[in-house]
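The exercises below are meant for a reader who is meeting this structure for the first time. Please work through each task with the sequence and the model in view before reading the solution that follows.

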Amino acid sequence: ISSACKVTVNYKSSLQNDLLGLTRDTGLKLKLYVIYNDGDADRAIELNISLQDCACCGAYTASGVWKVFMCHNLGADETKDPFTISKDIHGAMYQFGVKGTAISQATNFANTGNISGWKTISGNGNWVSSEDPCPSGWRLPTKDEWQGVIDNNTISRTVNGGTTWVSPGTSLTWNDLEEDTGIKFGDALVLPAAGRRDDNDGTLDYRGPNGYYWGSTADGTNGYFLRFTSGVEGTHSYNRSYGFSVRCLSD
């Protein structure tokens, strides 16, 4: 390229927010043409570029099968670092088979007690992508995919601000938690230990020591989910009325 060439780049200030959550498949696409003269004639090279979320979160769901996950729990503050556990990335709580949010992240911290009308739920069969709470292009992991995440990735604790995992029975007031805890799969998927909402009245419990993440697979009147404490315990099935976290993966 001749030294006389001048390249002007105008950076779009909102680009970082525009790219949040975009993957290789859903990223913004553009074509860049590099034009030069090789001494004999003018030449052009076409470059295809995809702009996506630089966080690039994901994990193996089977041997050699990499799946892109959202970097944040559904309902979390997506401007916060997904790899540093804080209350801002715990996200909302959801009941199995129900498309809408059961309780928002803000309410989840403002009210740790029972929730009026909590036991009333709807939804039947598997939590198919057209009915789950994930946005278009995303869905919940199946039971087998969650089990694949456990079986095919290194697993480590992530503790922000300390070294000791919070024990069950610790006060649920955020400032009383010894540290912010979660589980890390591989090097690109962190799940906060956001606890759960009780299936009978919606009371919050186990925030800090435990994490519960719904899958899309039904088990009769129950639904399957990923559960962890200071170590990963695997997939289980509980009553659909429980309020658990949701982490979507690319459809």
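A residue is called buried when its relative accessible area is under 20%, exposed when that area is over 50%, and partly exposed in between. The model used here is predicted, and the exercises begin with the confidence attached to it.

**Exercise 1. Confidence**

Task: State the mean pLDDT of the protein, and find where confidence is lowest and where it is highest.

Solution. The mean pLDDT of the protein is 83, and 80% of its residues reach 70 or more. Going on to single elements, confidence is lowest in helix 1, residues 15–18, with a mean of 70, while the highest value, 96, belongs to helix 3, residues 143–152.

**Exercise 2. A network of salt bridges**

Task: Decide whether R139 is buried or exposed, and work out which residues are linked with R139 in a network of salt bridges.

Solution. Start with the residue itself: R139 has a relative accessible area of 15%, and because buried means under 20%, R139 is buried.

Next, look for partners of opposite charge. Side chains of opposite charge can pair when their charged atoms come close. The side chain of R139 meets that of E145 in a salt bridge, at 2.8 Å from N to O, and E145, at 13% relative accessibility, counts as buried.

R139 also meets the side chain of D251 in a salt bridge, here at 3.4 Å from N to O. D251 lies in the segment after strand 14 (249–250), whereas R139 is in strand 5, so this pair ties together parts that are 112 residues apart in sequence. With a relative accessibility of 55%, D251 counts as exposed.

Taken together, R139, E145 and D251 are linked in a network of salt bridges.

Finally, place these pairs in the whole: the structure holds six salt bridges. Another one of them joins the side chains of D205 and R196, at 3.1 Å from N to O, and R196 is buried, with 11% relative accessibility.

**Exercise 3. Two open sheets**

Task: For the sheet with the order 11-12-13 and the sheet with the order 6-7-8, name the strands that stand at the edges and explain why one side of each is left without a neighbour.

Solution. Take the sheet of strands 11, 12 and 13 to begin with. Its three strands form an open sheet in the order 11-12-13, with antiparallel pairing. Strand 11 (211–219) and strand 13 (232–239) stand at the edges, and because each has a single partner strand, one side of each is left without a neighbour in the sheet. Neighbouring strands of this sheet are turned by 30° against each other on average, direction ignored. Within the sheet, strand 11 is joined to strand 12, residues 222–228, by six bridges, and G211 stands opposite F228 of strand 12.

Now turn to the other sheet, an open one in which three strands follow the order 6-7-8 and pair in the antiparallel sense. Here strand 6 (155–160) and strand 8 (189–192) stand at the edges, each with a single partner strand, so that one side of each has no neighbour in the sheet. The twist averages 30° from one strand to the next. Six bridges pair strand 6 with strand 7, residues 180–185, in the antiparallel sense, and the bridge partner of R157 in strand 7 is I183.

**Exercise 4. A hairpin**

Task: Find how many bridges join strand 3 to strand 4, and which residue of their hairpin takes a positive phi.

Solution. Strand 3 (residues 58–62) and strand 4 (residues 65–68) run antiparallel and are joined by four bridges. A62 stands opposite V65 in strand 4, and the hairpin has two residues between the strands. In this hairpin G64 takes a positive phi, near 75°.

**Exercise 5. A nonpolar patch**

Task: Identify which residues make the nonpolar surface patch, and say which elements give two or more residues to it.

Solution. L30, L32, I45 and L47 make a nonpolar surface patch of about 300 Å². The elements that give two or more residues to the patch are strand 1 (28–37) and strand 2 (42–51). For one member, I45 in strand 2, the relative accessible area is 40%, and I45 is therefore partly exposed.

Notes: Residues numbered from 1 in each chain as written. Heavy atoms only, no water. Patch = residues over 30% accessible without salt bridge, like charges linked within 9 Å, V, L, I, M, F, W, Y side chains within 5 Å. Areas by Shrake-Rupley, 256 points an atom, 1.4 Å probe, with all protein chains shown as cover. Salt bridge = Lys/Arg side-chain N within 4 Å of Asp/Glu carboxyl O. Buried < 20%, exposed > 50% of the residue type's maximum accessible area, 1.4 Å probe, protein only. pLDDT = per-residue confidence, 0-100. Pairing = 2+ DSSP bridges. Axes fitted to C-alpha atoms, helices over the stretch in contact; angles between N-to-C directions.
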